[in-house]
Amino acid sequence: MQGKPKVLIVEDEPLIAENIAMHLNDTAFEVSGIAYDYEEALQLLKKGMPDIAILDINLEEEHDGIEIAEHIKRTSNIPFLFLTSYSDKATIDRVKKTGPYAYLVKPFNKNTLLASLEIALSNFNYEHNQHIPFLNLFKINKQIDPANLSQREFEVIQAIYAGKSNQDICSELFISLNTLKRHINNAYMKLAVPNRSAAIAQLRTIMQKQ
């Protein structure tokens, strides 16, 4: 469904990568791609920006997941979390320097994976949006005129901006998933953006303008 946060999976073990992807099927998230090594991860990040990345630390090669995290910090404005079997002090010390938004130790299950993704997105959005206390419909519509957002589309965009999942938005606004999909598609078209990350970035830019 349009508007679901897109997840990049970086994991060198195909069975684990497919297991993660399977856990994300029919949830509030969708898989944007699977990378099995450092170079493939960089290519997928460049090709189509995901909304969040799950990074395995040990990729059994010269570069590891921590280096991918460092690359994301330099070039991409998206959250990431680590999924790893490593919990020793040396690894944790390296990890802390990258500022991950969650850290999940293998073995994992579907519930802990989904909870970690939700927390990571929520932490990221809070950190990046706290200097912009609220969105202003009038200011947004002034910037995108004449393709103005409706009040309901604005409410949906506010929830997306706050990092809420599609299920949470449906519950809060008392609307169906199909109705939500229509509002998201319309809002993205009016904002001239292709996905959730681009919509949030565009809204930040609009609200920071004088």
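Two residues are in contact when heavy atoms of theirs lie within 4.5 Å. Keep that cut-off at hand for the exercises below, and remember that the model is predicted.

**Exercise 1. A histidine in the first helix**

Task: Find which residues His23 is in contact with, leaving aside neighbours within four places in sequence, and decide whether His23 is buried or exposed.

Solution:
- Start with the location: His23 sits in helix α1.
- Next, list the contacts. Beyond its neighbours within four places in sequence, His23 is in contact with Phe108, Asn109, Lys110 and Leu113.
- Finally, check the accessibility. Buried means under 20% relative accessible area. His23 has 14% relative accessibility, so His23 counts as buried.

**Exercise 2. Following the parallel strands**

Task: Work out in which sense β1 and β2 pair, and which handedness the β-α-β crossover between them has.

Solution:
- Strand β1 (residues 6-10) pairs with strand β2 (residues 30-35) in the parallel sense, over five bridges.
- For one pair to look at, take Lys6, whose bridge partner in β2 is Glu30.
- Now trace the chain: from β1 it passes through helix α1 (residues 14-24) to β2, a right-handed β-α-β crossover.

Task: Repeat the analysis for β3: with which strands does β3 pair in the parallel sense, and which of its residues are buried?

Solution:
- One partner is β1, which pairs with β3 in the parallel sense over four bridges. Here Ile9 stands opposite Ile54 in β3.
- Another partner is strand β4 (residues 80-84), joined to β3 in the parallel sense over three bridges. Leu55 stands opposite Phe82 in β4.
- The chain runs from β3 through helix α3 (residues 65-75) to β4, and this β-α-β crossover is right-handed.
- In a regular strand, side chains alternate between the two faces of the sheet.
- For strand β3 (residues 52-55), Ile52 and Ile54 lie on one side and Ala53 and Leu55 on the other. These residues are all buried, and both faces of β3 are covered.

**Exercise 3. One face of a helix**

Task: Determine which residues of helix α8 are buried and why they line one face of the helix.

Solution:
- The buried residues of α8 (residues 166-173) are Asn166, Ile169, Cys170 and Leu173.
- Looking down the axis of α8, the buried residues fall within an arc of 100°, so they line one face of the helix.
- The general background is that an α-helix has 3.6 residues a turn, so residues three or four places apart point the same way.
- Then ask what covers these buried residues: the cover includes α7 (151-161), α9 (177-191) and α10 (196-208).

**Exercise 4. Unusual backbone angles**

Task: Locate two residues with positive phi that are not glycine, and two cis peptide bonds.

Solution:
- Begin with the expectation: most residues other than glycine have a negative phi, and most peptide bonds are trans.
- Asp26 has a positive phi of about 60°. Asp26 lies in the loop between α1 and β2, and with 78% relative accessibility Asp26 counts as exposed.
- Phe174 comes just after α8, with a positive phi of about 55°. Its place is in the loop between α8 and α9, and Phe174 is exposed, at a relative accessible area of 75%.
- Lys106 and Pro107 are joined by a cis peptide bond with omega of about -5°; Pro107 is in the loop between β5 and α5.
- Asp145 and Pro146 are joined by a cis peptide bond with omega of about 10°; Pro146 is in the loop between α6 (137-144) and α7.

**Exercise 5. A buried tyrosine in a loop**

Task: Describe where Tyr101 lies and which residues Tyr101 touches.

Solution:
- Tyr101 belongs to the loop between α4 (89-98) and β5 (102-105).
- At 9% relative accessibility, Tyr101 counts as buried.
- Not counting residues up to four places away in sequence, Tyr101 touches Pro79, Phe80, Ile119, Ala120, Asn123, Phe124, Glu127 and His128.
- Pick Ala120 from that list: the C-alpha atoms of Tyr101 and Ala120 are separated by 4.6 Å, with their positions 19 residues apart along the chain counted as the distance apart.

**Exercise 6. The largest pocket**

Task: Find how many residues line the largest pocket and which element gives the most to its lining.

Solution:
- The largest pocket holds about 200 Å³ of space.
- Its lining has 16 residues, of which Asp51, Asn77, Ile78, Ser197 and Ala198 lie nearest the centre.
- The elements giving two or more residues to this lining are α5 (110-129) and α10.
- α10 gives the most, with six residues.

Methods: Residues are numbered from 1 along each chain as its sequence is written. This is a predicted model: local features need pLDDT of at least 70, side-chain atom pairs count only at pLDDT 80 or more; totals for chains, interfaces and linings use all residues. Side-chain values use heavy atoms; hydrogens and water are left out. Two strands pair if DSSP finds at least two bridges between them. A crossover is right-handed if, with the strands pointing away from the viewer, the path from the first strand over the helix to the second runs clockwise. Buried means under 20% relative accessible area, exposed over 50%, partly exposed in between (1.4 Å probe, protein chains only). The arc is that of the directions from the helix axis to the C-beta atoms. On a 1 Å grid over the protein atoms alone, a cavity is a set of points where a 1.4 Å probe fits but cannot get out, and a pocket is an open set with protein on both sides within 12 Å along at least five of seven lines; lining residues have an atom within 4 Å of a point. Grid points are joined across faces, edges and corners, and a volume is the space filled by probe spheres set on the points.
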